[in-house]
Amino acid sequence: IGSDNSISVISQPSQARYLRGLCIYNLMFEYQSILEDLKRQYRYDYFEAQLPKLLELTVDDSNGRLDVCYTFARTFIRMGYAERAYQFLELARENSKHTREGEACLLILEADLAEAASNWNEVTEKIDAALNQIGNDLLLWRLRAFALRSFALIHSGSYAAGMDLAHQILKIANNSFLEHRSQAHNILGTGFTMIREWGSAKAQFQLALEISESLGYARSIAAGLSNLAITVQRAESIEFAADGNNDAFKEALLLSLRAKSVIETTSDIVFLERIIGNIALNYASLNILEQAIEYGIKAIDMARRSENLQSIGSRLLILADIVEKRNEWQRSVELLEEAREYELQLHFEHRIAVNRKLALAYYQVGRFAEASTSWEKSYTLRVEYDDAMQTANLQEQKRLEEKLGDERALHMERDTELQRLRAERSELETEMQKLRS
């Protein structure tokens with residue numbers, strides 16, 4: 001169709017194929033643009049409003065339809081709308097057509113749902129199955145699988161393996177996959193936090209934040225700010241220890257409040273709950289206990305509504321820490337006993353903290369036998385944790401040494417090449433002098 005609405009008949013098959021390809025490319029560009037915009041807006045109502053258009057654009061594109069299903073399902077999982085997420089999982093199942101890409105999509109979505117329930121063993125099982133389907137050619141799905149697998153490893157205490165996988169993501173994700181590079185930096189930051197390498201953790205979270213800000217993704221920006229706040233906080237008061245640097249605690253609070261203001265522009269109630277819990281801890285570190293308790297109770301209520309077992313346990317631990325500062329030991333016992341019910345879903349370090357704090361609380365209320373049992377369990381977990389930390393630290397040191405060795409080898413190779421070129425130049429100059437003579 002010409003600019004004057006005249007119609008020309010295309011006789012050459014190659015021209016027809018080219019124009020059909022151009023139409024498909026334009027449709028892909030349009031729906032990818034909408035997906036990018038959705039990541040910036042990150043609101044439930046906005047996603048629902050754009051869904052009909054995206055389904056229309058991908059009606060003849062099974063891979064595009066899978067990508068839409070994946071994006072919507074994963075987003076609704078994060079926002080806490082599990083039922084809506086399952087609907088898109090079923091839609092993805094209908095569109096998978098039993099291809100390798102389709103099967104990988106389904107397995108990764110099932111792993112996402114398992115992650116939301118803090119079922120790390122199931123995450124690992126699903127991702128391993130997905131990686132068997134993906135092979136080496138489906139790069140986007142491989143990056144998505146690697147990210148989930150590395151998170152699962154770190155949350156299960158396999159810090160070295162999780163961080164190694166994050167480094168692999170950075171190796172294979174070029175500048176066309178900035179979102180995944182940001183995710184890898186966040187994973188590394190989390191790993192460094194777990195092994196208490198605070199400077200390295202802060203550097204990784206800062207890199208993730210810079211990429212997120214360049215993309216304009218609200219949730220990712222909030223995650224970067226929140227992760228930085230947690231790192232600053234914990235660097236000053238390891239495992240909720242006593243007084244630290246007030247300026248650092250104030251910085252952590254300001255970062256958390258900034259993260260809260262960003263995430264409140266989205267519909268991500270799950271991540272908002274996490275930030276609210278961090279703010280409670282920030283206020284407690286500054287000894288502003290009334291506001292700390294207010295935010296702590298709010299975080300627990302939000303975690304219960306989203307039915308996230310890991311979050312419920314973590315928020316109960318934070319509130320127990322706050323009431324302990326007021327010497328309310330019986331209330332601390334009640335909160336910690338409830339947190340212990342979610343122990344298997346908690347991070348390794350939080351499992352130690354629950355048992356250690358419970359031992360102290362039991363002792364304060366005169367339950368000495370239970371205090372002894374909790375202390376022994378805390379000690380056993382601490383030994384396991386220290387072993388995992390040492391392994392991760394040694395592996396990271398080895399990786400850095402190998403990288404340094406590679407760089408030295410490269411410099412030596414460049415020096416050798418430079419010497420060779422200089423020798424050749426000297427020979428040419430000698431030859432020119434002979435010719436002149």
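Is A229 buried or exposed? In this predicted model, A229 is buried, with a relative accessible area of 1%.

## Surroundings of A229

The residue sits in helix α11, which covers residues 218-236. Once the neighbours within four places in sequence are set aside, A229 is in contact with A252, L255 and S256. The C-alpha atom of L257, a residue 28 places from A229 along the chain, is separated from that of A229 by 9.4 Å.

## Overall make-up

The protein has 18 helices and 0 strands. Of its 437 residues, 48% are buried, and the accessible surface of the protein comes to about 22500 Å², with 50% of that area belonging to carbon and sulfur atoms.

Contacts along the chain can be sorted by how far apart the two residues are in sequence. Among contacts between residues at least 6 apart, 61% join residues that are at least 24 apart.

## Nonpolar cores

In soluble globular proteins, nonpolar side chains tend to be buried together. Here the largest nonpolar core has 81 residues, and the members with the most contacts inside this core are Y159, I169, I187, I275, L316 and I322. Helix α13 gives the most to this core, contributing 9 residues. A second core, separate from the largest one, has 40 residues and includes L35, L66, I77 and A85.

## Helix α8

Which residues of α8 are buried? They are Y159, A160, G162, M163, L165, A166, H167, I169 and L170. Two of these names, Y159 and I169, also appear among the residues with the most contacts inside the largest nonpolar core. An α-helix has 3.6 residues a turn, so residues three or four places apart point the same way.

The length of this helix can be checked against expectation. Helix α8 runs over residues 159-172, and its 14 residues, at 1.5 Å a residue, should span 20 Å; the end C-alpha atoms are 20 Å apart, which agrees with that value.

## Salt bridges between helices

Side chains of opposite charge can pair when their charged atoms come close. The count for this model comes to 24 salt bridges. One of them joins R74 and D112, whose closest N and O atoms are 3.1 Å apart. This pair links distant parts of the chain, with R74 in helix α3 (residues 62-79) and D112 in helix α5 (residues 100-116), 38 residues apart. Both partners are buried, R74 with a relative accessible area of 16% and D112 with one of 3%.

A further salt bridge joins K202 and E251, with the closest N and O atoms 4.0 Å apart. Because K202 lies in helix α10 (residues 198-215) and E251 in helix α12 (residues 246-263), the pair ties together parts that are 49 residues apart in sequence. K202 is partly exposed, at a relative accessible area of 37%, and E251 is also partly exposed, at 35%.

## A buried pair and a network

How far apart are the closest N and O atoms in the salt bridge of R315 with E273? The separation is 2.4 Å. R315 belongs to helix α15 (residues 309-325) and E273 to helix α13 (residues 269-285), so this salt bridge ties together parts of the chain that are 42 residues apart in sequence. R315 counts as buried at 9% relative accessibility, and E273 counts as buried at 1%. Elsewhere, salt bridges that share partners join E90, R93, E110 and K126 into one network.

## Cysteines

A disulfide is a covalent bond between the sulfur atoms of two cysteines. The structure holds 0 disulfides. C69 is in no disulfide, and the cysteine sulfur nearest to its own, that of C105, is 6.8 Å away. C105 is likewise in no disulfide, its nearest cysteine sulfur being that of C69, at 6.8 Å. The two sulfur atoms do not count as a disulfide because such a pair must lie within 2.5 Å.

Are these two cysteines buried or exposed? C69 is buried, with a relative accessible area of 0%, and C105 also counts as buried, at 0% relative accessibility.

Methods. Residues are numbered from 1 along each chain as its sequence is written. This is a predicted model: local features need pLDDT of at least 70, side-chain atom pairs count only at pLDDT 80 or more; totals for chains, interfaces and linings use all residues. Side-chain values use heavy atoms; hydrogens and water are left out. Buried means under 20% relative accessible area, exposed over 50%, partly exposed in between (1.4 Å probe, protein chains only). A salt bridge is a side-chain nitrogen of Lys or Arg within 4 Å of a carboxyl oxygen of Asp or Glu. Helices (H or I, at least four residues) and strands (E, at least two) are DSSP runs, numbered from the N terminus. The expected span of a helix is 1.5 Å times one less than its number of residues. A nonpolar core is a set of buried Ala, Val, Leu, Ile, Met, Phe, Trp, Tyr and Cys residues joined through side-chain atoms within 4.5 Å. Contact means heavy atoms within 4.5 Å. Accessible areas come from the Shrake-Rupley method with a 1.4 Å probe; for residues, only the protein chains shown count as cover.
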